[in-house]
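Please open the structure in a viewer and keep the selection tool at hand. The tour proceeds stop by stop, with a selection followed by a description.

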Amino acid sequence: MQLSRKEILNWLLAEDLQQLEVLWSLADQTRKRHVGGEVHLRGLIEFSNVCSRSCLYCGLRAPRDELPRYRMSSEEILDCARLARRCGLGTVVLQSGEDDALDVAWLEEVVRSIRRELPLAVTLSVGERSEAELRRLREAGADRYLLRFETSNLALLERLRPRQPAPRPARRIEILGILRDLGYEVGSGVMIGLPGQTHEDLARDIEWFRALDLDMIGVGPFIAHPETPLGRRPATFLAPDGKQAPPEELTAYKVLALTRLACPLANIPATTALSTLARGDGRRRGLLRGANVIMPDITPARYRSAYDLYPGQHDASPDILQECEQLGSMIEGIGRTLGRGRGDSENAKRRRHQPLTA
Ligand code: 5AD
Ligand code: SF4
């Protein structure tokens, strides 16, 4: 269903809960028709919290010197991947901060070892990297790459993501094109309710998802972190005259549902940030409003509290087998089934079979 910018905006501004039931139901039907009833689980391995950037919203920002930093060893990562397999998961997501000192040869070897030993798809989420590095990682067997563009308001992004020597807010969009050309399944996404972000910005975000023909789309509410500039002084950044998009659960569901309508074939997770804000029920509700993926955190318990993007992120139980079982029951409870196999993106399959002609 192709909604106009005006229609998207009207939904984003809608407050009548009965009227919103129509949106939830449209998103749910679209999900069912295009990607079916399977819910794919991805095991998230937060293998390093070292980051060279200073994003004003994020608890991993480099200037935060009181945060203990860690890098997991390749054997620890491989152990997590084995655990993912034992839990019946088909994909692991290797995520870290944007670490300039990341040893790409080491990461290549990690990817190669996982692909050699286990029947798992490997998704990377390691920030902005050079084309040469992305190519090497792809050749080592990485299947998918996540790189959120965070907001389509590039002036806002420049403010929130300062970068030395010169900020390049559009760089992430360029990298998404490179990833596509290298044959990755390409994922991106945004935060919802960033200080300074308007409803118009969110409507444009959704249009960009479609224009970028994304295979995976993650959207989640911005959650203020007290140890960041945005958490300490949010009022300095807010959009004027009641234009500020609220970082609320309801806004997040609206963006999720509208994203499903804009990109029917994409894999869309009910994100951790959403479940953090909705105190546990966000994943279920997200699945009922357009989502078809969940990413349980399988990082070893000893590292979790240091992967501190935002508060409340790691409240869930660290017993991973038990969490996967609970997710399985929840999924069955809403009449859906656990995805089997790798859960590749239907959008990527469509693109491979019918390449767009110029
Ligand atoms: N609230 C919500 N999401 C956040 N991220 C970073 N900081 C926050 C926050 N305070 C998200 C960004 C990033 C991803 C790894 O985590 O979108 O791309
Ligand atoms: Fe680093 Fe990513 Fe956090 Fe920015 S959002 S500070 S790049 S981990």
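**First stop: ligand 1**

Select ligand 1 together with the residues around it: Tyr57, Cys58, Arg148, Glu150, Met191, Pro221, Phe222, Ile223, Leu309 and Tyr310. Please bear in mind that the model is predicted. By class, this shell comprises 8 nonpolar residues, 2 charged residues and no polar ones.

Next, display the polar atoms of ligand 1 and of three of its neighbours. An oxygen atom of the ligand is 2.5 Å from an N or O atom in the side chain of Glu150. For Arg148, an N or O atom of the side chain is 2.9 Å from an oxygen atom of ligand 1. At Ile223 the backbone is involved: one of its N or O atoms lies 2.8 Å from a nitrogen atom of ligand 1. How much of the accessible area of ligand 1 does the protein cover? On its own the ligand has 410 Å², and the protein covers 87% of this.

**Second stop: ligand 2**

Move the selection to ligand 2 and its surroundings, which consist of Cys51, Arg53, Cys55, Tyr57, Cys58, Leu60, Arg61, Gly97, Glu98 and Arg161. This shell divides into 5 nonpolar, 1 polar and 4 charged residues. Tyr57 and Cys58 merit highlighting, as they appear around ligand 1 and also around ligand 2.

**Third stop: Ser188**

Select strand 5, which spans residues 185–192, and pick out Ser188 within it. Is Ser188 buried or exposed? Its relative accessible area is 3%, so Ser188 is classed as buried, the cut-off being under 20%. Then add Leu147 to the view: its backbone oxygen lies 2.7 Å from a polar atom of the Ser188 side chain.

**Fourth stop: the cavity**

Rolling a probe the size of a water molecule over the atoms shows where empty space is left. In a search of the whole structure, 1 cavity of 30 Å³ or more is found. The largest cavity holds about 30 Å³ of space. To locate it, select the lining residues Ile192, Val219, Ala252, Leu256, Pro269, Ala270, Thr271 and Leu274. Which classes of residue form this lining? There are 7 nonpolar residues and 1 polar residue, with no charged residue.

**Last stop: Leu12**

Finally, select helix 1, residues 5–13, in which Leu12 is found. Leu12 has a relative accessible area of 1% and is therefore buried. Add Cys87 and draw a distance between the two C-alpha atoms: Leu12 and Cys87 are 38 Å apart in space and 75 residues apart in sequence.

Definitions and conventions
Residues numbered from 1 in each chain as written. Chains lettered and ligands numbered in written order. Predicted model: local features only at pLDDT ≥ 70, side-chain atom pairs only at ≥ 80, totals over all residues. Heavy atoms only, no water. 1 Å grid on protein atoms, 1.4 Å probe; cavity = no way out; pocket = protein on both sides within 12 Å on 5 of 7 lines; lining within 4 Å. Points joined across faces, edges and corners; volume = space filled by probe spheres on them. Nonpolar A, V, L, I, M, F, W, Y, C, P; charged D, E, K, R; others polar. Near = heavy atom within 4 Å. Polar contact = N/O pair within 3.5 Å; in protein donor to acceptor, adjacent residues only side chain to side chain. Areas by Shrake-Rupley, 256 points an atom, 1.4 Å probe, with all protein chains shown as cover. Helix = DSSP H or I, 4+ residues; strand = E, 2+ residues; numbered from the N terminus. Buried < 20%, exposed > 50% of the residue type's maximum accessible area, 1.4 Å probe, protein only.
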